[in-house]
Structures are given as C-alpha cells and as structure tokens.
Amino acid sequence: MQNSEIAHLFDEYADLLEIEVANPFRVRAYRSASRTLGSHPTPLETVAAGGKAALTAIEGIGADLAERIVTCLGSGTFPELEELRQRIPIGVRRMLDIQGLGPKKVAALWKELNVITLEDLRAAAEQGRVADLKGFGKKTATNILEGLDLVQTTGSRFLFADAQSDGEAIRDALLRSGAVTQAEVAGSCRRLQETCGDLDVLAIADDSTAAMDTLASHPLVEKVLARGETKQRVRLKSGIELDLRVVPAESFGAALQYFTGSKEHNIVMRRKAQERELKLNEYGLYRGDVAVAGADEASIYQTLGLPWIPPELRENRGEFPLAEAGELPKLLELADIRGDLHMHTTATDGAASIGEMINAAKARGLEYIAITDHSKRVSMAHGLDADRLRAHWDEIRKLRESVTGIEVLCGIECDILEDATLDLDDDVLSEADWVIAVLHYGLKQPREQIMERLLTAVRSPHVDIIGHPSGRMVGRRPGADIDYPTLFKAAADHGTMMEINANPNRLDLDDIQAAAARDYGIPIVISTDAHSTNGFDKMRYGVYQARRAGLEAKDVANTRPVEEFKSLIR
C-alpha cells in the first residue's frame with residue numbers, strides 16, 4: 001500500500017470512532033498519524049522493512065499505530081477498522097461525504113433520528129425532523145438537502161486549476177464592483193493544493209449588502225445557498241461552493257491567516273501565541289482584550305517572532321524551524337523558467353505544427369524547448385516508429401536553422417514497456433537531443449515490475465529524464481506503486497532528471513516526492529506536456545507544485561540558460 005492509502009484508512013477510522021463517541025484522545029491520535037503518514041516521503045513498506053522500531057521512530061507513531069501499519073501493509077486494512085465498518089451502516093458512513101456534516105453531526109442523525117441511509121436523511125430533512133434536532137436548524141437541513149444533490153452528481157473535490165479560475169473571477173468582480181476595497185481567495189486554493197473542496201473569499205466592504213448582491217448576480221453563480229449580514233454561501237455552476245466573508249479592516253489579516261490554513265499550521269500558530277501569553281483567532285492577535293495585530297498577515301507572524309510564511313508552505317511540514325532559523329526558501333517564480341522540455345505536435349496527438357509550437361514558445365519568452373512526440377507504443381496517438389521519428393527530427397532540424405532567439409531540441413517521449421524494455425532501440429535514442437522515458441501502460445503492475453521498468457530507464461545511457469513518474473491522474477487514477485527512495489537513489493547515481501508535469505490533471509511528481517527528489521540532488525524539470533499552443537500556459541501549475549515542495553530556482557534545471565542546461569544532459 002502507498003502511504004496515502006494507509007493515511008486514508010487511519011482518517012476513516014478516526015471518523016468512525018468519533019461517530020461512536022470514542023475516547024477523543026484516541027481519535028486525535030489517529031488523525032495526527034494520518035497527517036504524518038500522508039506527508040512522509042519514504043514508503044512505509046520500506047520503513048517497515050527495518051522492523052517496528054523503524055516505524056516508531058516516526059514522530060507520533062507509537063507501538064500500537066506501528067502494528068496497525070504493518071497489518072495494513074500485509075492485508076490492505078486492519079481488524080479494528082473492519083469491525084467499525086460492520087457496526088456502522090454504510091449509509092451513515094456515506095453521510096460524511098456531505099459538505100458540512102462531520103462525524104458529530106452524523107452521529108446525532110443516526111442515533112437520535114435513526115437515519116441509516118441517504119434516502120432516510122433526505123426524508124428526515126424534507127419532513128422537518130432534521131431542522132428540529134438540537135444543533136441543526138432549518139439552514140442546516142436545507143444545506144444537507146443541497147449537499148445530498150451535490151454528492152450524487154459532482155463528488156467532493158475539484159481540480160485546483162478550475163477552483164482557482166472561479167475564485168479569482170469572483171474576487172476580481174468584487175473588487176471591480178466598488179463595494180469592496182480589498183478581497184483575497186483563502187483556503188486550500190490559496191495554498192495551491194492540487195484539489196479544493198470549496199472556496200473561501202474574504203473581503204473588506206464599505207457596503208456588505210452591495211458586495212453580496214454582486215456575488216449573487218455573478219454569471220458563475222448558480223444558486224445562493226445562504227446569506228447573512230457578513231457571510232454568504234453560493235454554489236457555482238462548476239459545482240463548487242464558495243463562501244464570501246466580509247470582515248472588518250482591522251481583522252482582515254487575521255481572518256486571511258486563519259481561513260488560509262492549514263489546520264495543522266494554525267495549531268502551531270496558536271500554540272506560539274499562547275507561549276507569548278497571547279490569543280490568536282480569526283479576529284486578531286490579542287493580549288488580553290487588546291488587539292496587538294490583525295490588519296495584515298505579516299504583523300501577526302512578526303509579533304510571534306516569525307517572518308511571513310508563504311501560504312503554499314503552511315502545512316506544518318518543516319516551515320516553522322526554517323522560519324525560526326531565517327532559512328525559508330526563496331520560492332521558484334514563473335519568471336524563472338527559461339525552457340519547456342515536453343510537448344507534442346501534429347506528428348502524433350498535438351493540435352499544432354512544429355513551426356506553430358516554436359513560434360508560440362518564442363512569443364512567451366522561452367529560450368529553449370524540446371519537441372517530444374510519442375513513441376510507437378502509444379498507437380492511439382499515432383506514436384512514431386524509428387523511420388517516422390527520424391523523418392520528424394529532420395523536419396525539426398530544418399526548421400530550427402531558420403529560427404533565431406530560441407533553441408529547439410529534437411526529443412522523444414519514449415514509453416517504458418511492460419516487459420521493462422524501451423519502446424525504441426538504442427541506436428535511435430542515441431540520435432536524440434533529449435529523451436523522456438514514461439510509464440503509460442501497465443500502471444497496476446506489482447511494485448517489483450514497476451521498479452524494474454523505471455530502473456531500466458534510469459540506467460539507460462540515452463534517457464535524460466523520467467516524465468510524469470507515477471502516471472497518476474489527479475482524482476481519477478492512482479499512480480503506479482513506486483519505491484521512491486530506490487528510484488531517486490538510482491536517478492542521482494546515474495544523472496537522470498525527474499519531471500514535474502505541469503498539466504493540472506497530472507501534477508506528477510507531487511509536492512512531497514518533488515521535495516524528496518530535490519533532497520537527493522536530482523535536478524527537477526518542470527514541463528507543460530503541451531498538446532497545443534495554449535498548453536504552454538499550464539506552466540504556472542507546475543511552478544505552483546514546485547513552490548509547495550519548497551523548491552527554489554536553483555533546484556529546477558530549466559531555469560538555467562540553455563548552454564548550462566545542456567551541460568546537465570547525459
């Protein structure tokens with residue numbers, strides 16, 4: 001099992017424990033373990049090979065949790081979780097997917113109203129029984145009905161690229177309206193997470209009524225779900241829900257820090273405030289009843305003895321020690337990128353010709369690119385065999401002779417086949433300027449086979465980089481089961497680079513593994529995998545992923561001038 005899968009099981013177990021009103025310390029232990037394991041860079045299978053003592057060396061993992069991890073690795077679950085799954089009806093468990101229904105509310109619905117299916121829940125809400133339940137009310141009942149519809153039609157997570165687009169459009173409309181003097185998108189979207197559950201927009205408004213009217217009438221809004229004096233919740237046509245919160249100017253920074261999160265980051269912030277006999281909440285930073293900071297985020301961090309921490313680092317994954325030591329990274333900027341080394345043309349499944357892709361790249365200020373169409377294994381994309389590929393490279397070479405201001409490399413996206421061989425022979429690959437090796441098929445093979453394939457590519461003298469290493473599609477397809485430490489050690493030894501694929505459906509490597517690859521000294525290349533001239537505009541999503549990994553320009557190979565970059569190629 002992958003770390004994220006075990007983390008998910010621990011989180012589910014904590015939810016079910018809370019529904020049964022178990023010991024809160026036990027619930028917190030599993031929630032904490034879930035966060036720790038989900039962000040741990042080394043596969044737990046590798047750690048567990050060193051025995052339970054190696055697992056308990058992970059912060060927050062005691063003997064009992066280590067035993068559960070070992071059991072999960074062997075069976076894909078653990079008995080205590082299965083017992084709870086048997087005791088708690090599946091319909092009750094599915095209620096956790098409804099926005100706004102946490103374990104405590106689910107427990108109340110189940111135990112006090114005998115609601116055991118989603119159909120029961122809908123009936124109880126429509127009959128008014130939910131509204132009459134203590135702690136719920138009419139608004140909650142209405143939100144549950146809306147949430148039921150949403151769970152059944154759209155799911156609960158949205159790609160960051162879609163969420164950011166909607167959130168920024170709403171923010172900009174509010175600022176243009178004149179009713180709002182300041183507005184920011186907060187939450188997981190501001191932290192640049194690859195998926196978002198919903199959107200939060202904070203605003204300072206001279207006229208909150210006008211601000212809410214502006215939101216309600218925005219063309220992206222499908223329905224107003226709730227509206228109060230300072231908060232409004234709407235559902236956008238994309239399916240994502242958005243909260244607008246109007247806050248006082250003196251509290252804007254505190255609210256922005258609080259609603260940006262993450263929860264884990266904010267827990268540490270509150271603890272640091274308490275150590276200074278201060279109180280931190282969404283309204284400000286207080287000494288007693290006197291506010292000492294709150295109008296802007298920087299003042300809050302400064303008062304707590306910290307530099308301002310970029311939102312994408314706020315996950316409690318090491319940002320505090322770096323901040324206290326004055327060693328926060330100078331995060332990569334989009335303007336740092338000089339080249340794009342992964343793209344496709346009409347030779348395979350691209351929408352633009354070689355010349356059109358070159359001109360579009362040049363227009364965006366890129367200094368060098370690699371044309372990397374598919375090899376023959378990708379038959380559905382008209383992948384290139386040796387003869388067609390050589391003819392394709394001849395065309396690239398002729399075109400680049402007449403092009404100035406940008407260097408164009410002859411490349412190939414070469415499949416690593418299921419039998420651990422490369423899709424093209426060495427004599428062909430040796431003629432390329434740039435070779436990307438990828439997994440497209442057989443992603444469900446056992447780890448041993450996946451690793452044999454990847455290591456074959458890494459050790460090839462003709463492969464320069466492993467592209468979208470896991471092959472995952474965010475929210476739709478899990479990646480291959482990879483032993484990342486072994487892969488990265490081999491890549492570092494053989495001088496093979498690793499890609500962050502900027503396509504928002506891929507974002508592969510993820511942020512945790514990108515940081516781990518950096519720590520092995522592996523140069524990272526961020527590329528768009530563009531299949532059209534507009535595809536170049538996706539570079540920013542790869543940069544965002546790199547920022548979440550804490551990468552600086554020096555960690556990314558395609559921030560270098562072309563000759564310096566070419567010196568890294570084997």
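Let me start with a definition: I call a residue buried under 20% relative accessible area, exposed over 50%, and partly exposed in between, using a 1.4 Å probe and protein chains only. By that rule, glutamate 431 is partly exposed, at 33% relative accessibility.

Hello everyone, and a quick word on what is in front of you. This is a predicted model, in which local features need pLDDT of at least 70 and side-chain atom pairs count only at pLDDT 80 or more, while totals for chains, interfaces and linings use all residues. Residues are numbered from 1 along each chain as its sequence is written, and side-chain values use heavy atoms, with hydrogens and water left out.

Let's go on with the salt bridges. A salt bridge here is a side-chain nitrogen of Lys or Arg within 4 Å of a carboxyl oxygen of Asp or Glu. The structure holds 45 of these salt bridges.

Back to glutamate 431, then. Glutamate 431 pairs with arginine 390 in a salt bridge, with the closest N and O atoms 2.8 Å apart. The glutamate sits in the loop between α21 (426–429) and β14 (434–438), and the arginine in helix α20 (residues 386–401), so this pair ties together parts that are 41 residues apart in sequence. When I say helix, I mean a DSSP run of H or I with at least four residues, and a strand is a run of E with at least two, numbered from the N terminus. Arginine 390 is partly exposed too, at 26%.

Now look at glutamate 45, which forms a salt bridge with arginine 447, the closest N and O atoms being 3.8 Å apart. This pair links distant parts of the chain, 402 residues apart: glutamate 45 is in helix α3 (residues 44–48) and arginine 447 in helix α22 (residues 447–459). Glutamate 45 is partly exposed at 37%, whereas arginine 447 is buried at 9%.

And which residue forms a salt bridge with aspartate 511? The partner is arginine 548, with the closest N and O atoms at 3.1 Å. Both aspartate 511 and arginine 548 are buried. Salt bridges that share partners join these two with Arg191, Glu315 and Arg317 into one network.

Next stop, arginine 93, in helix α7 (residues 90–94). Arginine 93 is partly exposed, at 22%. Its C-alpha atom is 8.8 Å from that of aspartate 15, although 78 residues separate the two along the chain. The side chain of arginine 93 also reaches two backbone oxygens: that of arginine 85 at 3.3 Å and that of isoleucine 88 at 3.1 Å.

Let's turn to helix α9. In this helix, residues 118–126, the buried residues are Leu118, Leu121, Ala124 and Ala125. Why do they line one face? Seen down the axis, they fall within an arc of 120°, so they line one face of the helix; the arc is taken from the directions from the helix axis to the C-beta atoms. The face turned away from that buried side carries the exposed residues Glu119 and Glu126. After α9 comes glycine 128, whose phi is positive, near 90°.

Last topic: how many disulfides does the structure hold? Zero, where a disulfide would be a pair of cysteine sulfur atoms within 2.5 Å. Take cysteine 196: its closest cysteine sulfur, in cysteine 189, is 4.6 Å away, too far for a bond. For cysteine 414, the closest is in cysteine 410, at 15 Å, again too far. Cysteine 196 is buried at 0%, and cysteine 414 is buried at 1%.

Thanks for listening!

Definitions and conventions
A polar contact is a pair of N or O atoms within 3.5 Å; within protein, one must be able to donate a hydrogen and the other to accept it, and residues adjacent in sequence count only if both atoms are side-chain atoms.
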